[in-house]
Amino acid sequence: MTLRDSRATIDQALAWAVDTLRDISETPRLDAEILLAHALGWSRVRVLAGVRETIPADALQTFRALVLRRAAHEPVAYLIGRKEFYGLEFVVDRRVLVPRPETETLIDAAIEWARLHFAPHDTLLIADIGTGSGCIAIALAVHLPNALIYATDLSPDALAVARQNIERHGVTDRVTLLCGDLLTPLPQPVDLLVSNPPYTILDEIDAGVRLHEPHLALDGGSDGLAVYRRLLAGAPQALRPGGALMLEIGATQAEAVTALARQAFPAAVVRVRCDLAGRDRVVEVLHVAS
Ligand SMILES: C[S@@+](CC[C@H](N)C(=O)[O-])C[C@H]1O[C@@H](n2cnc3c(N)ncnc32)[C@H](O)[C@@H]1O
């Protein structure tokens, strides 16, 4: 199927895009609708309500270019410059990992723990290690108004994106960005450490992800565990007594990360939480001693 004309209806353009994206995307129709809405500057609902309308030539050209980039595996979020996470919209581009829905499990776990252990007026100190777009730190700041959060990253480029998101969500007074390696930039121990560290084995991941998303955000070394080892080795000194540590994990890493956590925190409770798809997703280390 081709889309040669400078004139096409929404129906025709969507059919062409679905055909073009069928082999590279699990959601070709959704991708096409989002990209067309973006090219037109309309909502998706407006696009779907106007399937017989003719697309203006400039919007059609923009749409065609976006679909071809998507066909080369570029994530939709980079193409439109934003991604929804935990009900909030984040600016994203190639400098940061696209926030994933499974990371919302980490937010649920952190909020639950915070509400159980801290009264609404108590100040709670949190650190988000490897903040990327800032999605974890900001979602926690929005939902825990008593929290002060350090958000660290080794990448100054990622922190520039996080800065935009912190401003966008009005939490600049409670989220402090720090540049540096893992826990080293933290000025003091915290009550809750959270992290979605790089945990993939680069050779084993989806080509589209490897091609477009930052390797610093993905690369967990030859066994995927390199960052967990370093993070867990330093974590006992970075936590206040009674504090907690929550780490996102890959679905096959529960046993290995749990063992590392038990080694670092022999007296703590270590447990695994599943995501909505039932896969192991978060290792929680609770009741940390001094
Ligand atoms: C998997 S991404 C997570 C990004 C974001 N927190 C999220 O959940 O979408 C990991 C992040 O850790 C950062 N990172 C990688 N190595 C790091 C290190 N040694 N110290 C601090 N941050 C690091 C990367 O730049 C990236 O932003």
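A polar contact here is a pair of N or O atoms within 3.5 Å. Keep that cut-off at hand as you work through this predicted model.

**Exercise 1. Find which side chains make polar contacts with the ligand, using Asp-153, Asp-181 and Arg-230 as candidates.**

Solution.
- Step 1: Start with Asp-153, where a polar side-chain atom sits 2.6 Å from a ligand oxygen. That pair falls within the 3.5 Å limit.
- Step 2: Turn to Asp-181, whose side chain has an N or O atom 2.6 Å from a nitrogen of the ligand.
- Step 3: Check Arg-230, with a polar side-chain atom 3.4 Å from a ligand nitrogen. This pair also meets the 3.5 Å cut-off.

**Exercise 2. Describe how the protein surrounds the ligand.**

Solution.
- Step 1: Taken alone, the ligand exposes 600 Å², and the protein buries 95% of that area.
- Step 2: Look at the site itself: the ligand takes up the space of the second largest pocket.
- Step 3: Ask which elements give two or more residues to the shell; they are α7 (135–143) and α10 (215–218).
- Step 4: Sort the shell by residue type, which gives ten nonpolar, seven polar and three charged residues.
- Step 5: Pick out the nearest of the 20 residues around the ligand: Gly-130, Asp-153, Asp-181, Leu-182 and Asn-196.

**Exercise 3. Locate two residues with a positive phi, Leu-182 and Tyr-86.**

Solution.
- Step 1: Recall that most residues other than glycine have a negative phi.
- Step 2: Leu-182 is not a glycine, yet its phi is positive, about 40°. You will find Leu-182 in the loop between β5 (175–179) and β6 (190–195).
- Step 3: Tyr-86 has a positive phi of about 50°, and it lies in the loop joining β1 (82–85) and β2 (88–91).

**Exercise 4. State the domains of the chain and how far apart their centres lie.**

Solution.
- Step 1: The domain assignment gives domain 1 (10–72) and domain 2 (95–286).
- Step 2: Over C-alpha atoms, the centres of domain 1 and domain 2 are 35 Å apart.

Technical notes
Residues numbered from 1 in each chain as written. Predicted model: local features only at pLDDT ≥ 70, side-chain atom pairs only at ≥ 80, totals over all residues. Heavy atoms only, no water. Near = heavy atom within 4 Å. Polar contact = N/O pair within 3.5 Å; in protein donor to acceptor, adjacent residues only side chain to side chain. Areas by Shrake-Rupley, 256 points an atom, 1.4 Å probe, with all protein chains shown as cover. 1 Å grid on protein atoms, 1.4 Å probe; cavity = no way out; pocket = protein on both sides within 12 Å on 5 of 7 lines; lining within 4 Å. Sits in = over half its atoms within 2 Å of the grid points. Helix = DSSP H or I, 4+ residues; strand = E, 2+ residues; numbered from the N terminus. Nonpolar A, V, L, I, M, F, W, Y, C, P; charged D, E, K, R; others polar. Domains from an automatic or database assignment.
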